[in-house]
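Welcome! Take a moment to look at the sequence and the model, and then work through the exercises below.

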Amino acid sequence: MLKNPIVHIFAALLGLLMIWFGLASGEGAFVGNMLPELIGFCLEGIFFIGIFTWIQGRKDQERKHALKQSLAGAVRFICPIINSSLPPEEQIKLEANDNWTRQTRHNGKPIKALLAALSRSSFAITDDQIRAIQQLLRTRLSTLDSLLSVSAELSHSHLSAYTMILTEFHKIAEHHHFEGSELKTSFKNLLRLLVSFNNEPL
């Protein structure tokens, strides 16, 4: 509410009117005097503009929250890919009513567990699997790139984090001779960046 400059103008005007009214008070101060009405007008202005500003701010916060969840959900497809690349005993098992979309949007514990499992486990992936992952990413790059402007609506920190996520996706998709160790490093970077993106305040 205090960020609206009109509220400050009304508050300053109210202060001046209160001082003026205090100096002019006395017998007959309320008779034929417009000061009380002007003071009431200023109070109403502060109240109504403040309420309007608060409502607009709340709507903007809700909109940004929805955009942030949409962006996180757009990159969620990489999580099951990473998970399936791990040895069976290291793969993260989600609850029956859970999914990776929900986890990426809310920065759930399975995301951090997936990062920990990827960091400690062996990573054996064939060249054919790498090429399949690259092909999948190429089909999604245009969509992911188009969402960059959406991240800019959130904050500079979100824009920076999403830009680094895009850079990592492009690196995987466009690298001609990608080895398993390099892919593992990129996967870890993506998970860290996703966690960082979700942790950034709106």
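How many cavities of 30 Å³ or more does the count come to?

The model is predicted, so local features need pLDDT of at least 70 and side-chain atom pairs count only at pLDDT 80 or more, while totals for chains, interfaces and linings use all residues. Residues are numbered from 1 along each chain as its sequence is written, and side-chain values use heavy atoms, with hydrogens and water left out.

**Exercise 1. Explore the cavity.**

Step 1. Start with the term: on a 1 Å grid over the protein atoms alone, a cavity is a set of points where a 1.4 Å probe fits but cannot get out, and lining residues have an atom within 4 Å of a point. Grid points are joined across faces, edges and corners, and a volume is the space filled by probe spheres set on the points.

Step 2. Now the count: there is one cavity of 30 Å³ or more. The largest cavity has a volume of about 40 Å³.

Step 3. Find the lining in the model: Val-75, Ile-78, Ile-165, Phe-169, Leu-190, Leu-191 and Leu-194 line the largest cavity. Two elements, α8 (156–174) and α9 (180–199), each give two or more residues to this lining, and α9 provides the largest share, three residues.

Step 4. Sort the lining by type, with Ala, Val, Leu, Ile, Met, Phe, Trp, Tyr, Cys and Pro as nonpolar, Asp, Glu, Lys and Arg as charged, and the others, Gly among them, as polar. The result is seven nonpolar, no polar and no charged residues.

**Exercise 2. Describe the chain as a whole.**

Step 1. Count the elements, using DSSP runs numbered from the N terminus: helices are H or I with at least four residues, strands are E with at least two. The protein chain has nine helices and zero strands.

Step 2. Ask how much of the chain is covered. Buried means under 20% relative accessible area, exposed over 50%, and partly exposed in between (1.4 Å probe, protein chains only). Of the 202 residues of the protein chain, 40% count as buried.

**Exercise 3. Decide for each residue: is it buried or exposed?** Try Ile-172, Ile-81 and Trp-54.

Step 1. Ile-172 sits in helix α8. Ile-172 is buried because its relative accessible area is 0%. Between the C-alpha atoms of Ile-172 and Gln-134 there are 6.3 Å in space, although the two are 38 residues apart in sequence.

Step 2. Ile-81 belongs to helix α3. With a relative accessibility of 13%, Ile-81 counts as buried. The C-alpha atoms of Ile-81 and Phe-187 are 9.5 Å apart, with their positions 106 residues apart along the chain.

Step 3. Trp-54 lies in helix α2 (residues 35–74). Its relative accessibility is 52%, so Trp-54 counts as exposed.

Step 4. Look around Trp-54: together with Phe-47, Phe-48, Ile-51 and Ile-55, it forms a nonpolar surface patch with about 550 Å² of accessible area. Such patches are made of residues with over 30% relative accessible area and no salt bridge, where like charges are joined within 9 Å and nonpolar side chains (Val, Leu, Ile, Met, Phe, Trp, Tyr) within 5 Å. Accessible areas come from the Shrake-Rupley method with a 1.4 Å probe, and for residues only the protein chains shown count as cover.

**Exercise 4. Track down the charged pairs.**

Step 1. Why look for them? Side chains of opposite charge can pair when their charged atoms come close. A salt bridge is a side-chain nitrogen of Lys or Arg within 4 Å of a carboxyl oxygen of Asp or Glu, and this rule gives eight salt bridges.

Step 2. One of them joins Glu-90 and Arg-120, at 3.1 Å from N to O. This pair links distant parts of the chain, 30 residues apart: Glu-90 is in the loop between α3 (78–84) and α4, and Arg-120 is in helix α5 (residues 109–120). Arg-120 is exposed, because its relative accessible area is 56%.

Step 3. Another pair is Glu-168 and Lys-171, whose closest N and O atoms are 3.9 Å apart. Both lie in helix α8, three residues apart, about one turn of the helix. Glu-168 counts as buried at 10% relative accessibility, whereas Lys-171 counts as partly exposed at 43%.

Step 4. Finish with a group: Asp-60, Arg-63, Lys-64 and Glu-153 are linked in a network of salt bridges.

Key
1 Å grid on protein atoms, 1.4 Å probe; cavity = no way out; pocket = protein on both sides within 12 Å on 5 of 7 lines; lining within 4 Å.
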